[in-house]
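Student: I have a model open and I'd like to learn how to read its empty spaces, its cores and its odd backbone spots. Can you walk me through it?

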Amino acid sequence: MRSSHPRSAAVAALVATALATGLLVGTADAAEGAVSADPIRIHDIQGTTRISPFNGKQVADVEGIVTGVRTYGSRGFWIQDPDADDNPATSEGVFVFTGSAPTVSVGDAVKVSGTVGEYVPGGANSGNQSVTQISKPAVTVVSPGNALPAATAITEYTVPAEYAPAGDPAAGGSVNGLTLEPSRYALDHYESLEGMNVRIGTSRVVGATSPHAELWVTVKGWENAAKRGGTVYGSYESQNTGRLQIQQLAPLAQQPFPVANVGDRLTGTTEGPLDFNQFGGYTLAARTLGTVKAGTLAPEKTKPQSPGELAVATYNVENLDPTDPQEKFDNLAKAVVTNLASPDIVTLEEIQDDNGAKNDGTVSAEQTLTKFTDAIKAAGGPAYQWRSVAPENNKDGGEPGGNIRQVFLFNPARVSFTDRAAGDAATATGVTTERGKAALTHSPGRIDPANPAWADSRKPLAGEFVFRGRTVFVIANHFGSKGGDEALTSHHQPPVRKSEAKRLLQAQSVNGFVKQLLAVDKNASVLALGDINDFEFSATTQALEDGGALYSAIKSLPKTERYSYVFQGNAQVLDQILTSPSIKNFSYDSVHINAEFAAQNSDHDPQVLRFRP
């Protein structure tokens, strides 16, 4: 419990009132004059909202104990006042930004003078919350070797179930000006601890170690738990309040960061200052890091299709090009053969051109696909053939020069491809009638490529297949990314998801094409699949399903198994296979081989659907 310092609280209230009424008008002299009766304490600087009442002002001789030192990235150190006030909304810790390697040590008692500011990781347009900090500091070490303020425990009991307050409409939906309610909202709880020494006990890993030396845990092991150990993001209201990012303060050269997979446990005590960064929001910057105890999670293997079943899969192979190591080709190929049981049709996303990101006008991907299909054969798989339509140079988004596109792989021993006047990048395929049945005017062909919805984005690839005498239409998709969307921890609540507008138009385009097929033949077998870059509960998916034209088959799985990607500790759906009404009986599998693991061949999990046309 925090000790009471009514005089400090009164001073903080005085300053806040003066600021609110414009009495201080932002001048350092006025601010110093207002608090001259009592030294400015850290909780005065932090205040009761996300924005410091001293923002932009000079402060002098702010006292605290150094609780953490960061010598890389945003260099600086954290200090904490060991004598807390009685207001749970005011943090007792603050970051001191030095810009160069700090000269203080953990346990130093210091006095800091400098400028209070609100630093926004990622910039103001990111929507991220700000970090209250003191910059341009003059630091005096009063004494070394002091005991640290006791770490505040973050547990399943202390973090509220409700994620965030609704933003103030008068402030554009921002929560910045709202008084923190740390016992009511999770984001307010974390904000009230910003910069403070905190700790967690043994916690389950819900986001594997990344190449940037970070992992995610949950302090609420029961919260929307996935079958395999993650935590499922199953709606916009299921943000998962127990998630917390873990980094370490020790440089990697001094202490390698532990490798962890989803379902592992970070055991013991992990303790350090609570930071906020651009890539994950609230982050425990560990001064003391627990020990990873490995679990038993293994990559999944789907069951093979029966002779009468058609198996169709989708797999984002993450910018595959011939300059990638042979090991990546071999691992992806092994996954197709061993984990996916050699599907009859595989739609691939993010196949790059023959020289990858070299931006020289190359658009052919023949070398990429030859190398990949050769690797599949070497792994014991079928001799897949392929069909695709090369994009116009640098017109489909993705890595500049890479010219990513969707591709059909198919096993000619099991299924045939119906070639019909293959279209080019600018030619739209259409729907026609052949012997009373629906057919494509171009196969392979692109859907609606001139539609502005597909500008700087991958155009859908449509193809016509025949399996045991039955025609199956397959539409391979890679919708626009979520780039530019605000994080769940945004100061706007709810966060602004501006990328949805483009995907909504894209979904409407694909849905309209499927409806054209169904208008000719209501019993047509149509699969629209790929990296939809959106959730099964999103407006994008609803637009794809409009009018009953399609159904997102991942929704046939239990909620604990609905995910294909793990982002910031949230297991979520990005990859989908959608079925037309005639495909009633099917089995679906989200094959978890990448997203939960530190060692990945792609950041997406492939999806497989088996059915009898």
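Tutor: We'll go through cavities, a pocket, the cores and then the backbone.

Tutor: Some ground rules: this is a predicted model, where local features need pLDDT of at least 70, side-chain atom pairs count only at pLDDT 80 or more, and totals for chains, interfaces and linings use all residues. Residues are numbered from 1 along each chain as its sequence is written, and side-chain values use heavy atoms, with hydrogens and water left out.

Student: How many cavities of 30 Å³ or more does the structure hold?

Tutor: Rolling a probe the size of a water molecule over the atoms shows where empty space is left. On a 1 Å grid over the protein atoms alone, a cavity is a set of points where a 1.4 Å probe fits but cannot get out; a pocket is an open set with protein on both sides within 12 Å along at least five of seven lines; lining residues have an atom within 4 Å of a point. Points are joined across faces, edges and corners, and a volume is the space filled by probe spheres set on them. Here there are three cavities of that size, and the largest has about 100 Å³.

Student: What lines the largest cavity?

Tutor: Its lining includes Tyr163, Tyr190, Trp216, Arg243, Leu244 and Thr489. For element names, helices (H or I, at least four residues) and strands (E, at least two) are DSSP runs, numbered from the N terminus. The largest share of this lining, three residues, comes from β10; α4 (186–192) also supplies at least two. By class there are six nonpolar, five polar and one charged residues, where Ala, Val, Leu, Ile, Met, Phe, Trp, Tyr, Cys and Pro count as nonpolar, Asp, Glu, Lys and Arg as charged, and the others, Gly among them, as polar.

Student: And which residues are closest to the centre of the second largest pocket?

Tutor: That pocket has a volume of about 340 Å³. Of its 17 lining residues, Lys437, Ala438, Arg470, Thr471 and Asp521 are the closest to its centre. β21 (437–440), β23 (461–467) and β24 (470–478) each give at least two lining residues. The class count is five nonpolar, five polar and seven charged.

Student: Which residues of the largest nonpolar core touch the most other members?

Tutor: A nonpolar core is a set of buried Ala, Val, Leu, Ile, Met, Phe, Trp, Tyr and Cys residues joined through side-chain atoms within 4.5 Å. Buried means under 20% relative accessible area, exposed over 50%, partly exposed in between (1.4 Å probe, protein chains only). Among the 28 members here, they are Ile154, Tyr190, Ile200, Val217, Leu244 and Ile246. Apart from this core lies another, of 26 residues, including Trp386 and Val407.

Student: Now the backbone: where is Pro444?

Tutor: Pro444 sits in the loop between β21 and β22 (445–446), and the peptide bond to it from Ser443 is cis, with omega near 5°. The bond from Gln493 to Pro494 is cis too, with omega near 0°; Pro494 is in the loop between β24 and α7 (500–520).

Student: Is Asn403 buried or exposed?

Tutor: Asn403 is buried, with a relative accessible area of 3%. Its phi is near 50°, a positive value in a residue other than glycine. Ala421 also has a positive phi, near 40°, but Ala421 is exposed, at 54%.
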